[in-house]
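User: Could you take one part of this structure and walk me through it closely? I'd like to know what it is made of, what it packs against and how it fits into its surroundings.

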Amino acid sequence: MPPIDRSSAKECVTRSLKRIADFSGDVENFDFKYWHKFHKTAFIDAIATCISKKGSRIVLNEAMLDNFKNVGEFIDFVKSKSAYVQEPEPNLLEKDGNLRPRPFV
Amino acid sequence: MKCLKPLLFGFIGLVCVQTSASADDTIVPSNKIKVNLSVGTTTTFTGIAVEIELKQVIPERISIDRANFAATRATLPRFELRDEQNLVTFELDRNSAAAAESMIQLVEQRAEVIEQFSNRRNYVFIDKPMRVKLTNGDYLVVTPKALMEASLTNLVLSEQDREMWIQARGGAHTLYQNRIDFGIRGDVADTARREFILSFSYFGIPVQSTPWWSVAAKGQISSNKNDPLSKIGFFPLTVGQTFGFEEAKPFTTGEIRAWFGVEGDQPLKRTRINGSLTYTTMLPNLIDLTFGSQKRLRLKPVVKLSVEYWDEINDYAVPDKLLKGGRIGGEIYYFVPVMERYSLLVEGNVGFILGDQFKKKHGAEDVVSRFDISLGYEVPDADLKILAKYSFGQNDISFMRDDRLLLGLAIDLFRMVSGGQTEATVR
């Protein structure tokens, strides 16, 4: 699985934004003003999950969002701060944490 | 090492071409390394990330070879946190190391590390030089001495980060922002009259070893001590659980929280015990007033449903008739963008009061509600907004009704303050 590039970072951010808001058009110029903390928590959880499914890890908190002028800046942040862990996706793990045998294809 | 003398002879030239693939080793000076702490969560972890940033020595359009770093993690040096006296305080798990574009990140979630970062000067020790491969085939070499010099002054956790970390470990409390808002309120009927208003909310975890236990305080006080909208609450016990954030679908994402405490009016002439159960979630957007504008983000409304039980402790008006009552109700936070520049913010609550005798005593109606509706205009590239705010409804302690209109300029009125921060909002 390749490390996160900007288009995959943008895909995760866009998908996560759709969890908490409706919009049309490009996400780059939206900002983080007026968000309830509940929006922020749901948003960063959705991003962390999306990045995780792409084999990377990003450490986020709600307060960070106030530091970005717009979503475009945040996408750059996600792209540059996603650390590649190459871990299996959670659904490939058994409950005890062992790797589930891959099915034959 | 790059081969700079190739091709004098055919055979040697061939060897040199192959050798050039192993490329340069650049030893990174300490002043080109930045070491930061970052507090937050991932899908599997809540804690602190130690980030070794090498951006200053990585050429443009080149990054760390992240796949190579992941594949060779077993060859990394041992990572330790050491204090100024060179005492080892923690060994950071080498297996947690991962590379981003230009930084190496290690994560740590043990509770003890919080004190270590809060109180002492620390540095990151490695037992041998760390070689980091770049996408152009070159290597950066971080020496133990350079990493020590770079990290010794930077590894301090701010009070805000510390608070955030403690709260995050207790389960995301998503509803209460720690904030103080100060405002001046005018009176529509008497323009010379002004009242000073202070509204606040605080949410914290008093004992780090019991992160499930939280305390909360919230309320609004006024320079007019008889202000019917004033209310103070202290809740020494709250417990809660969040769920469904990874999907964040309406109704199936949220937080359930139980509260127990005391609340009253501003002069505390009426106080009561309050036991509550709340459920918070998001709803689908109810209206679209953007008229097709692609520049606006329509945040979904956040709603909180609650059941409350009240047991009166004292009542200055009827001290010998203390009753039990309750309320089933809901709250809403809904930011509605209007066309390209206008904004409407609706915050309010509505409740059905329980207990016939309780209602009769306080003259309360079956349904009690209070709403603030604010209209703002966003000035491009600034936080200044022209404001009109209409508040109406009842306080559910005094049950007195009040309708007010505020007009004027506001600086960043709607801006929500994130957890852990305290910020004064000037109105």
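Analyst: What follows is a close look at one helix of chain A, and then at its wider setting.

A word on the model to begin with: it is predicted, so local features need pLDDT of at least 70 and side-chain atom pairs pLDDT 80 or more, while totals for chains, interfaces and linings use all residues. Residues are numbered from 1 along each chain as its sequence is written, and chains are lettered from A and ligands numbered from 1 in the order in which they are written.

The part I have picked is helix α1 of chain A, residues 6-20. Helices (DSSP runs of H or I, at least four residues) and strands (runs of E, at least two) are numbered from the N terminus. Chain A holds three helices and three strands, and from the N terminus on they follow the order α-β-α-β-α-β. The 15 residues of α1(A) should span 21 Å at 1.5 Å a residue, and this agrees with the 21 Å between its end C-alpha atoms. That expected span is 1.5 Å times one less than the number of residues.

Which residues of α1(A) are buried? They are Ala9(A), Lys10(A), Cys12(A), Val13(A), Ser16(A), Leu17(A), Arg19(A) and Ile20(A). Buried here means 20 or more other C-beta atoms within 10 Å (exposed is 12 or fewer, partly exposed is in between, with C-beta atoms placed from the backbone). An α-helix has 3.6 residues a turn, so residues three or four places apart point the same way. For chain A as a whole, 50% of the 105 residues count as buried.

What covers those buried positions includes elements of both chains. From chain A there are β1 (21-22), α2 (37-53) and α3 (71-81), and from chain B there are β16 (270-282) and β17 (298-299).

Let's take the two helix neighbours in turn, starting with α3(A). Its axis and that of α1(A) come within 9 Å and cross at roughly 120° (axes are lines fitted to C-alpha atoms over the stretch in contact, with angles from 0 to 180 degrees between N-to-C directions). That is why α1(A) is called oblique to α3(A). The label goes to what is left once angles under 35 degrees (roughly parallel), over 145 (roughly antiparallel) and 65 to 115 (roughly perpendicular) are set aside. The crossing of α1(A) past α3(A) is right-handed (the near helix is turned clockwise from the far one by less than a right angle; anticlockwise would be left-handed). On the α1(A) side, Arg6(A), Ala9(A), Lys10(A), Cys12(A) and Val13(A) take part, and they meet Val71(A), Phe74(A), Ile75(A), Val78(A) and Lys79(A) of α3(A). Meeting, or contact, means C-beta atoms, placed from the backbone, within 7 Å.

The other neighbour is α2(A). Here α1(A) packs at an angle of about 145°, with the axes 9 Å apart, and this crossing is right-handed as well. The residues that α1(A) brings to α2(A) are Cys12(A), Val13(A), Arg15(A), Ser16(A), Leu17(A), Arg19(A) and Ile20(A). Facing them in α2(A) are His39(A), Ala42(A), Phe43(A), Ala46(A), Ile47(A), Cys50(A) and Ile51(A). Cys12(A) and Val13(A) also meet α3(A), and both count as buried.

Just ahead of α2(A), the loop between β1 and α2 of chain A holds Tyr34(A). Its phi is near 70°, a positive value in a residue other than glycine. Tyr34(A) counts as buried because it has 20 C-beta neighbours inside 10 Å.

Looking at chain A more broadly, 69% of its contacts with a separation of 6 or more are between residues 24 or more positions apart.

Finally, the partner chain. The contact between the chains takes 40 residues from chain A and 47 residues from chain B. On the chain B side, the elements giving two or more residues are β2 (34-41), α2 (66-71), β6 (98-99), β7 (103-108), α5 (159-169), β16, β17 and β19 (324-338). The largest share, four residues, comes from β2(B). In this list β16 and β17 of chain B come up again, the elements that help cover the buried residues of α1(A).

Definitions and conventions. Contact = placed C-beta atoms within 7 Å.
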